Amino acid sequence: MDRYARWNTLLEILAETGRITVEEAAERLGVSQATIRRDFDQLSQQQMITRTRGGAVAGGISYDLPLRYKTARHVEEKHRIGTAAAGLVSPGQVIALNGGTTITEVARALATRTDLVATPGSTGLTIVTNALNIANELIVRPHLKVVVVGGVVRPQSYELIGPLAAPILREITLDIAFLGVDAIDHKLGATSHHEGEAAINALMAARARKVVVIADGSKIGGHAFARICPTDRVHTLVTDGNAPADQLRGFEEAGIRVIVV
């Protein structure tokens with residue numbers, strides 16, 4: 001396990017338990033106590049944890065870990081989901097992408113689709129996003145028109161949120177809104193840990209003809225603090241085989257197209 005994978009695991013443990021000792025962490029990760037002490041010291045320097053005598057406590061950790069610490073989670077599933085979701089896009093459409101690791105995979109898959117390049121007399125693909133990391137990756141693709149909404153950057157997800165983002169979204173129409181979520185339940189709908197992200201995502205959903213929710217199986221059947229949209233606003237769910245079967249049946253019975261990769 002490399003350093004960043006260890007850090008990701010340590011942060012997840014602390015988010016769940018609140019505290020852990022050096023000895024416990026070393027045993028769970030299968031590394032030396034000296035390695036764990038260095039990890040704790042480095043995470044403490046980054047203000048991610050609070051160092052204690054013999055261990056660490058969660059301190060100010062949010063339930064929503066920073067994006068850079070999520071990249072190692074469910075990598076293969078997210079790649080497959082991103083590729084499948086990108087396949088739903090047709091040339092000339094206007095689509096929205098919010099933030100998150102799975103949505104980033106959708107953006108990468110779209111960037112490599114040569115059939116989306118505009119031909120004489122046709123319109124190329126337009127991507128509207130509030131995620132700075134996604135805009136940064138797509139801006140170098142000359143065949144894509146990238147529109148970035150305004151707002152205040154949320155460091156955990158690189159997303160622009162707040163009232164400055166709303167005016168642009170209210171003035172456009174979208175063919176598809178691809179929304180990465182923190183959780184989705186067939187009864188409760190799609191939700192996010194952060195109310196600011198939820199508000200922008202809800203506006204994207206309201207401006208779209210179709211809403212496609214992107215979520216790996218670990219997020220199916222759960223719920224988070226702020227609702228993005230109810231289930232009946234979702235047209236398609238793209239997930240993986242780890243999603244609970246009863247939840248998938250519930251979505252299908254609600255008339256939602258479910259794509260499992």
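**Exercise 1. Which residues of helix α2 (residues 22-29) are buried?** Determine also how they are placed around the helix axis.

*Solution.* The structure is a predicted model.

Step 1. A residue is counted as buried when its relative accessible area is under 20%. In helix α2, this applies to V22, A25, A26 and L29.

Step 2. An α-helix has 3.6 residues a turn, so residues three or four places apart point the same way.

Step 3. The buried residues V22, A25, A26 and L29 cover an arc of only 100° around the axis, which puts them on the same side of α2.

Step 4. E27 and R28, on the other side of α2, are exposed.

Step 5. The partners of the buried side can now be listed. The buried residues of α2 pack against the helices α1 and α3 and against the strands β1 (19-21), β2 (50-52) and β3 (55-57).

Step 6. After α2 comes G30, which has a positive phi, near 70°.

**Exercise 2. Describe how helix α1 (residues 3-17) meets helix α3 (residues 33-45).**

*Solution.*

Step 1. The two axes come within 11 Å of each other, and they cross at roughly 75°.

Step 2. Angles of 65 to 115 degrees count as roughly perpendicular. Therefore α1 is roughly perpendicular to α3.

Step 3. On the α1 side, the contact is made by R3, R6, W7, L10 and L11. On the α3 side, T35, I36, D39, F40, Q42 and L43 take part.

Step 4. Sorted by class, this contact of α1 with α3 has 6 nonpolar, 2 polar and 3 charged residues.

**Exercise 3. In what order do the 7 strands of the parallel sheet stand, and which strands are at its edges?**

*Solution.*

Step 1. Strands of a sheet pair through backbone hydrogen bonds, either parallel or antiparallel.

Step 2. Here the pairing is parallel, and the open sheet has the order β6-β5-β4-β9-β12-β14-β15.

Step 3. The edges are held by β6 (144-148) and β15 (257-260). Each has a single partner strand, so one side of each is left without a neighbour in the sheet.

Step 4. From one strand to the next, the twist averages 20°.

Step 5. Within the sheet, β9 (residues 174-180) and β12 (residues 208-214) run parallel and are joined by 6 bridges. I176 has K210 in β12 as its bridge partner.

Step 6. Two helices lie across strands of this sheet. Helix α8 (residues 195-206) lies across β4 (94-97), β9 and β12, at about 150° to β9. Helix α9 (residues 245-253) lies across β14 (236-239) and β15, at about 145° to β15.

**Exercise 4. How are the 3 strands of the antiparallel sheet arranged?**

*Solution.*

Step 1. The order in this open sheet is β10-β11-β13, with antiparallel pairing.

Step 2. β10 (183-185) and β13 (226-229) are the edge strands, and each pairs on one side only.

Step 3. The twist from one strand to the next averages 35°.

Step 4. β11 (residues 189-192) pairs with β13 over 3 bridges, in the antiparallel sense. T191 stands opposite R227 in β13.

Step 5. Helix α8 packs on this sheet, where it touches β11 and β13, and its direction makes about 10° with that of β13.

**Exercise 5. Classify V148 by its relative accessible area and identify its contacts.**

*Solution.*

Step 1. V148 lies in strand β6.

Step 2. The relative accessible area of V148 is 35%. Values between 20% and 50% count as partly exposed, so V148 is partly exposed.

Step 3. Leaving aside residues up to four places away in sequence, V148 touches T129, L132, A135, L160 and I168.

Conventions. Residues numbered from 1 in each chain as written. Predicted model: local features only at pLDDT ≥ 70, side-chain atom pairs only at ≥ 80, totals over all residues. Heavy atoms only, no water. Axes fitted to C-alpha atoms, helices over the stretch in contact; angles between N-to-C directions. Helix = DSSP H or I, 4+ residues; strand = E, 2+ residues; numbered from the N terminus. Parallel < 35°, antiparallel > 145°, perpendicular 65-115°, else oblique. Contact = heavy atoms within 4.5 Å. Nonpolar A, V, L, I, M, F, W, Y, C, P; charged D, E, K, R; others polar. Buried < 20%, exposed > 50% of the residue type's maximum accessible area, 1.4 Å probe, protein only. Arc of directions from axis to C-beta. Pairing = 2+ DSSP bridges.
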